[in-house]
Amino acid sequence: IFWIIYGSIALILSLLVLIFGWKKNLVIKNGGAFALISLVGSALWINLTAELFLDFLALIQVASGLPLTYLSLTILAWGNSMDDLLVDYIISKNGHGSMAVTGVFSGQLFNVLVGFGG
């Protein structure tokens with residue numbers, strides 16, 4: 001029941017912004033209200049997605065028997081590295097190979113130093 005209520009509130013807020021956002025006069029007059037509705041709707045969608053992700057990880061934990069902490073950190077590391085992979089691939093395809101290699105090492109070094117407070 002949580003998913004239905006939460007998802008319907010997020011969907012209603014998103015549809016309100018979509019429907020009334022096309023009219024520029026309304027957005028100009030009620031900019032603060034549109035910003036607040038958009039902020040709340042975005043926060044609801046992010047929370048809903050995170051809850052779904054954690055439930056999916058719990059399902060994988062039950063199926064595989066691996067600890068939830070291990071699964072969470074592995075998926076977090078993959079998610080953290082996939083954008084670096086995509087960006088470095090595009091940079092290398094554009095002919096900047098040395099910049100891509102530098103990006104491979106500097107991105108991970110930055111994550112370690114900032115993450116561990118180095």
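These are my notebook entries on a predicted model of a protein.

**Entry 1: the overall layout**
I started with the secondary structure. The protein has five helices and zero strands, and along the sequence I read the pattern as α-α-α-α-α. Next I asked how much of the chain is buried: 12% of its 118 residues count as such. I also looked up how far apart in sequence the contacting residues sit. Among contacts with a separation of 6 or more, 44% join residues 24 or more positions apart.

**Entry 2: the surface**
The exposed area comes to about 9100 Å². Carbon and sulfur atoms supply 76% of that area. I then went looking for a nonpolar patch and found one of about 710 Å². Its members are Leu11, Ile12, Leu15, Leu16, Leu18, Ile19, Phe20 and Trp45. Which helix gives the largest share of the patch? That is helix H1, residues 2–20, with seven residues.

I picked out Phe20 for a closer look. Phenylalanine 20 belongs to helix H1, and I have it down as partly exposed because its relative accessible area is 35%, which falls between the 20% and 50% cut-offs.

**Entry 3: aspartate 88**
This one caught my eye. Aspartate 88 is in helix H4, which runs over residues 68–93. The residue is buried, yet I found no salt bridge for it. Where is the nearest side chain of opposite charge? It belongs to lysine 93, 14 Å away, whereas a salt bridge would need the charged atoms within 4 Å. Then I listed what aspartate 88 touches, skipping residues up to four places away in sequence: Ala100, Gly103 and Val104.

**Entry 4: helix H5**
I followed those contacts into helix H5, which covers residues 97–116. H5 has 20 residues and spans 29 Å from first C-alpha to last. That is close to the 28 Å expected at 1.5 Å a residue. Which residues of H5 are buried? They are Ala100, Gly103 and Gly107, and H4 is included in what covers them. Two of these names, Ala100 and Gly103, I had already noted as touching aspartate 88.

I also checked a residue of H5 for exposure. Phenylalanine 105 is in this helix, and I count it as exposed because its relative accessibility is 60%, where the cut-off is over 50%. I took one distance from here to aspartate 84: the two are 21 residues apart in sequence, and their C-alpha atoms are 10.0 Å apart.

**Entry 5: leucine 71**
Back to H4, where leucine 71 also lies. Is this leucine buried or exposed? It counts as buried because its relative accessibility is 11%, with the cut-off at under 20%. Leaving out neighbours within four places in sequence, I found leucine 71 in contact with Leu57, Ile60, Gln61 and Leu66. For the pair with leucine 57, I noted 14 residues of separation along the chain and 6.9 Å between C-alpha atoms.

**Entry 6: recap**
For my own reference, H4 holds both aspartate 88 and leucine 71. Aspartate 88 is buried without a salt bridge, and leucine 71 is buried too, at 11%.

Definitions and conventions: Residues are numbered from 1 along each chain as its sequence is written. This is a predicted model: local features need pLDDT of at least 70, side-chain atom pairs count only at pLDDT 80 or more; totals for chains, interfaces and linings use all residues. Side-chain values use heavy atoms; hydrogens and water are left out. Helices (H or I, at least four residues) and strands (E, at least two) are DSSP runs, numbered from the N terminus. Buried means under 20% relative accessible area, exposed over 50%, partly exposed in between (1.4 Å probe, protein chains only). Lys and Arg count as positive and Asp and Glu as negative; His and the chain ends are not counted. Contact means heavy atoms within 4.5 Å. Accessible areas come from the Shrake-Rupley method with a 1.4 Å probe; for residues, only the protein chains shown count as cover. Patches are made of residues with over 30% relative accessible area and no salt bridge: like charges are joined within 9 Å, nonpolar side chains (Val, Leu, Ile, Met, Phe, Trp, Tyr) within 5 Å. The expected span of a helix is 1.5 Å times one less than its number of residues.
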